[in-house]
Amino acid sequence: MDVAPRPEDTLRLTLPDVEATEAFGASLAHEVRRGDAIFLRGELGSGKTSLARGFLRCFFGNPGLDVPSPSYLLHFAYSSSSSIPRPLEAEAQQPDAAAAGQVQKFTAGKASLVDGCSVHHIDPYRLPEGKIAALIDFEKIFSEVALVEWPERLGDQLVKEDTPPRLVVTFEGFGPQAEGRSICLSAVGPRWQEAIARWKKEGGPMRSKPSDPLPTVEGESACQQPETSQALQSCLPRPADGVRKCRPLPADPLAWRVLGIESSCDDTGAAVLRGDGKILGEALASQAGIHEQWGGVVPRLAQEGHRKAIDTTVEEALKRAGVTAADLTAVAVTVGPGLGLCLEVGVRKALQIAAQQRLPLVRVHHMEAHTLVTRLPPATAEASEGADAAAVEKPLDPAFPFLTLLVSGGHNMSVLTRGVGNHTILGSTIDDSIGEAFDKTARVLGITQVPGGPHLEKLARDGDADVHSLPKPLSKTRDQVLQHGCDYSFSGLKTAVRALVDKALPQADAAASSKLSEEQVHKAKADVAAAFQKVAVQHLCERASRAADWALELEPSAAALVVAGGVAANQSVRQGLQEIAEDHSLVMRCPPPRLCVDNGVMVAWAGIERLRLGLFEEPPSAEGVDRHVEIRPRWPLGERDPRSQQQKNPKGQKRKRSAASQAEAAA
């Protein structure tokens, strides 16, 4: 049950990076006692598990404790060695344990801050709201210490307005964790209300040690007041020993060797980049031949292809870079969005390497990687081996903020990008992406290659776009938001093309026995392809132009239009968007065509940008790799602009209020 807290029962803080998030979790561990519940709210990748990791390591005095996300198994219970046996080996655990509600038990340390008390880490994200109440005994859980991610999925039968008493930590923002993630603390019940009141006077749980001077904080502060967070932020503690449990990053970025792994769909990519962006080695294994006979990507076949190719692709990238796994500085890997079966292969490989070599691990958002690769310094500007670190720190181009248009086979969206992990979605497709529309239209026209978009573009060059008239997408909708928004729709256009082909080319599939010559069939198909491409690009550009208006309204300093994704290689798309950029006094930036498709370079570069901001995590132990294979097939890149069409939730899930709306309610 969502209830707006009183302003005096709320406090807002800023956590600069993952290390600070873990440190804040550790500070909360010193505050809890038996019967306490801490609810962790926020979107995927916002930092909830990082906070839990810091909490559990401090609570049990074990800085090397593996703390995976419980998203797949629902419930992990951590206890000291004196109160619970060691966990079962991974091979012996029941695969249907989550479905049966069986707790996964772990020995976390020899002692704990609350003697004999277990900590329960819960995550019901993958269940419909309220379902977990039938699987897990929450009476016992709430009698010890509970860390609950996605508490809104617990349901009203478990969460009431005043029960259980709890501290709610809300991570604001959407998408991959950003630099300077804001959190809002709110209290339910006298115990946590008193704690927040005390933190405001003492400097909060952020104080490093009792002897630290207290920051001066005047007046009460609600979630919407940033001055309190600025006062308390200076007291952020760091880990007790000052060292992360992984290989430290060299001070000189030119010494970095970052491996990027991509396996979100049907291409297995790997690349090694230097810290300044120089590509040292890359490899890409395509599965086009596997899927052509099926007319599209088959997830199970794609997974098998990744499993066969992942080891050799990574080894080839390392070989071309002239390094071994032992020479690497960090590993970055795409964890979503994408096909779950495929993502799992790349994530597992990255975890294995990171665990074996004790390397920092960066979990990368696929669409953010497409966006950030545009900032990869061009080869002509790469620093030489003898360059100093200062030369590497020159500003990247384009500078934030900028407008991003992501166009690929699985995604189509206009995004205002304010920084790494800081994105606002201005519009997206309500059905098919433009890349999917290109591929499906290609199949209708008899093109069997996968992807079919580039071949359709080639075919369209031989056609006349004015021979056929196709309907303009969304031209007849009565939905005012769709009429005047930045959202896209290509499903109706695709259907119109199919009807046109059935009418204009009834014998195209049997050209040898038809009255049409091969040249005539080719020309007829080319005319259809050209007509489709013309309308699709016009629709894309019309909506992109409106998105540019919105972006400049929100961020007048935006100076660039970034076009990324596989469809960005289409020359008609580039030409149309170039005109849009010029009309809005924006500079258009596109990656080189070979980096528009899925590849390991973009993942490694996204990893480098995040490493510079401290946005990485420690690797698991070699024994804990399997429990850390967390993927995010559906992972929002950012929060949607309120003027755009709101997306439907997956079946069985109710729409939940955003962190921003909760903060507004607290005002």
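User: What does Glu617 form a salt bridge with?
Analyst: In this predicted model, Glu617 pairs with Arg363, the closest N and O atoms being 3.1 Å apart. A salt bridge here is a side-chain nitrogen of Lys or Arg within 4 Å of a carboxyl oxygen of Asp or Glu.

User: Is Glu617 buried or exposed?
Analyst: Glu617 is buried, at 12% relative accessible area, and Arg363 is buried at 10%. Buried means under 20% relative accessible area, exposed over 50%, partly exposed in between (1.4 Å probe, protein chains only).

User: How many salt bridges does the structure hold?
Analyst: The structure holds 28. One of them joins Arg640 to Asp487, with the closest N and O atoms 2.9 Å apart. Arg640 is buried at 14%, and Asp487 is buried at 0%.

User: Any networks?
Analyst: Salt bridges link Glu344, Arg348 and Asp626 in a network.

User: Switching to cavities. Which residues are the closest to the centre of the largest cavity?
Analyst: Gly45, Ser50, Arg363, Glu617 and Arg632, out of 31 lining residues. A cavity is a set of points on a 1 Å grid over the protein atoms alone where a 1.4 Å probe fits but cannot get out; lining residues have an atom within 4 Å of a point.

User: What gives the most to that lining?
Analyst: Helix α2, with four residues; helices are DSSP runs (H or I, at least four residues), numbered from the N terminus.

User: What are the ground rules?
Analyst: Residues are numbered from 1 along each chain as its sequence is written, and side-chain values use heavy atoms, with hydrogens and water left out. Local features need pLDDT of at least 70 and side-chain atom pairs count only at pLDDT 80 or more, while totals for chains, interfaces and linings use all residues.

Terms used
On a 1 Å grid over the protein atoms alone, a cavity is a set of points where a 1.4 Å probe fits but cannot get out, and a pocket is an open set with protein on both sides within 12 Å along at least five of seven lines; lining residues have an atom within 4 Å of a point. Helices (H or I, at least four residues) and strands (E, at least two) are DSSP runs, numbered from the N terminus.
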